[in-house]
Amino acid sequence: MSNYFKSFIDDVKARNPDQPEFLQAVKEVAEDIVPYITENAPECIDLKLLERIVEPERIISFRIVWQDDGNNVHVNRGYRVQMNSALGPYKGGLRFSTAVNLSVLKFLAFEQTFKNSLTGLPLGAGKGGADFDPKGKSDNEIMRFCQSFMTELSRHIGAETDVPAGDIGVGEREIGYLFGQYKRLQNNFTGVLTGKGPAWAGSFIRPEATGFGLLYFVERMLYEHGESLKGKTVAISGAGNVAYYAALKAISMGAKVITVSNSNGTVYDANGFSLEKLDFVNSLNRNLQAYTERYAAEYHAGKKPWQFPCDVALPCATQNELDEHDARQLLENGCTCIAEGANMPCTDDAVKIIQQSNIYYAPGKAANAGGVAVSGLEMSQNRLGQQWSADKVDGKLKKIMHDIHDTCVHYGRNKNGAVNYLKGANIGGFVKVAAAMKAQGLV
Ligand SMILES: NC(=O)C1=CN([C@@H]2O[C@H](COP(=O)(O)OP(=O)(O)OC[C@H]3O[C@@H](n4cnc5c(N)ncnc54)[C@H](O)[C@@H]3O)[C@@H](O)[C@H]2O)C=CC1
Ligand SMILES: O=C(O)CCC(=O)C(=O)O
């Protein structure tokens, strides 16, 4: 790698000590962007485009005080990373998890910059959340936490400034409590959050969008290579929003889905999940082991799904959940396609192994962009004061995912004809943001 690459990465490391996830995400992008700009757009180096794109425009950190049902007082830390507004208002989800810290939120906000650009919609990038553990909390506790969180966040966001949405631990219920509190404080019914319920200015298909979009991308990627999902065996990790709708869509496309998981373990159903079985998984409230009490299946405590032979692997849980060992096992077992529903689920080493093989690999910033894309469509509907039908939104989602695929092919085609989707997503996402940043001057 060039001297510029080395000095750029050394500088990011020095300026962001103890932020391994952020550094991982930056390195992965810089490996493709540095050679690209060196050859095609050297002015980006003088303009310090990369140095600017890795520096959040603003980070807000705040205290959240709330009371549990036993009247005990708790203090959590909340954040909003307002990463890049070159293309539109900051846009990206909120995560509630004990694993939330600045490294994680900055990597997510950084990835969001490229992902949101790839959607073709006017969306900047941000990410936020809190080190709050929603597991085991009552509905009232969740409501009080969300109200306290929004009491501070409300002064930093707005429909044309920053539009948060859900992510791990934040679904329609949390968005409802956050929205209610924002409205109460601002006396303003506005599209300040996406992922709202369809009865209160939300978009149809937003809950489904990330999982469905992932499968539209996979379908297109396989089609590009003369294949389809029909009859393929699919291993999925996670059992939350993205995993559930990815599984539903995979099944409807004729695939057999054999696993779901959470941080405690994996359910392996060799017969394949049906819609009814997936609804049962949803009702288990994290106790996946109980699945085997109703259906013939195996529960593997503490294990991940990647040990089971599959054609397609869809990591849909969290970052760095698929490591080098998992990647080798998938390849040895004949897996031919890995597409990321989660953000950065493959470790750096796993990506290297996958890239050295000739299987199809779709990075999250391209393959899971369907969620934020439909959030963008929700913003459009809110501005227009309209609600589009589910069919219309689904049609637009499919087209956006196919366009993202084609952008990856355009920028990722190697000299030997093979497509490097990671390179395509990185460069395809970068060019638009870089052009906007150049046009907007030294800000
Ligand atoms: N919800 C959305 O629209 C989008 C989500 N994503 C990404 O998809 C991933 C999943 O998000 P959601 O499904 O929305 O969250 P969720 O909260 O609905 O589900 C997360 C699932 O992952 C499991 N999980 C969490 N940590 C784990 C670990 N260490 N090991 C194994 N399983 C673990 C949880 O038990 C849960 O089943 C995240 O990486 C998120 O950033 C990406 C794009 C959009
Ligand atoms: O819909 C949104 O704004 C959030 C999507 C998101 O957080 C993501 O793409 O990772």
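Start by selecting strand β2, residues 73-84, together with strand β4, residues 125-130: the two run antiparallel and are joined by 6 bridges. As you look around, keep in mind that this is a predicted model. To find one matching pair of residues, click on N84, which stands opposite A125 in β4.

**Next stop: the other partner of β2**

Keep β2 selected and add strand β1, residues 58-67. These two strands also pair in the antiparallel sense, over 10 bridges. Which residue stands opposite H74 in β2? Select W66 and you have found that residue. Now follow the chain from β1 into β2: together they form a hairpin, with 5 residues between the strands. Pause in the turn at N71, where phi is positive, at about 70 degrees.

**Next stop: helix α8**

Select residues 206-224 to pick out helix α8, which has 19 residues. From its first C-alpha to its last, α8 reaches 27 Å, close to the 27 Å expected at 1.5 Å a residue. Turn the view until you can look along its side: there is a kink of about 30 degrees in α8, centred on F212. Why can α8 be called largely enclosed by the rest of the structure? Of its 19 residues, 16 are buried, so the helix is largely enclosed. Step just past the end of α8 to G226, which takes a positive phi of about 75 degrees.

**Next stop: ligand 1**

Centre the view on ligand 1. How many residues surround ligand 1? There are 23, and the closest are G240, N262, A317, A342 and G371. Colour this shell by class and you will see 7 nonpolar, 14 polar and 2 charged residues. Then select α9 (241-252) and β7 (256-262), each of which supplies at least two residues of the shell. The largest share, 3 residues, comes from α9.

Now colour domain 1 (58-189) and domain 2 (207-358) separately. Both give residues to the shell, so ligand 1 lies between them.

**Last stop: Y4**

Finally, go to helix α1, residues 3-15, and select Y4 within it. Is Y4 buried or partly exposed? A residue needs 20 or more other C-beta atoms within 10 Å to count as buried. Y4 has 16, so Y4 is partly exposed. To finish, add K432 to your selection: Y4 and K432 are 428 residues apart in sequence, and 22 Å apart in space, C-alpha to C-alpha.

How values were computed
Residues numbered from 1 in each chain as written. Chains lettered and ligands numbered in written order. Predicted model: local features only at pLDDT ≥ 70, side-chain atom pairs only at ≥ 80, totals over all residues. Helix = DSSP H or I, 4+ residues; strand = E, 2+ residues; numbered from the N terminus. Expected span 1.5 Å × (residues − 1). Bend = angle between axes of the 7 residues up to and from the residue. Buried ≥ 20, exposed ≤ 12 C-beta atoms within 10 Å, placed from the backbone. Near = placed C-beta within 6 Å. Nonpolar A, V, L, I, M, F, W, Y, C, P; charged D, E, K, R; others polar. Domains from an automatic or database assignment. Pairing = 2+ DSSP bridges.
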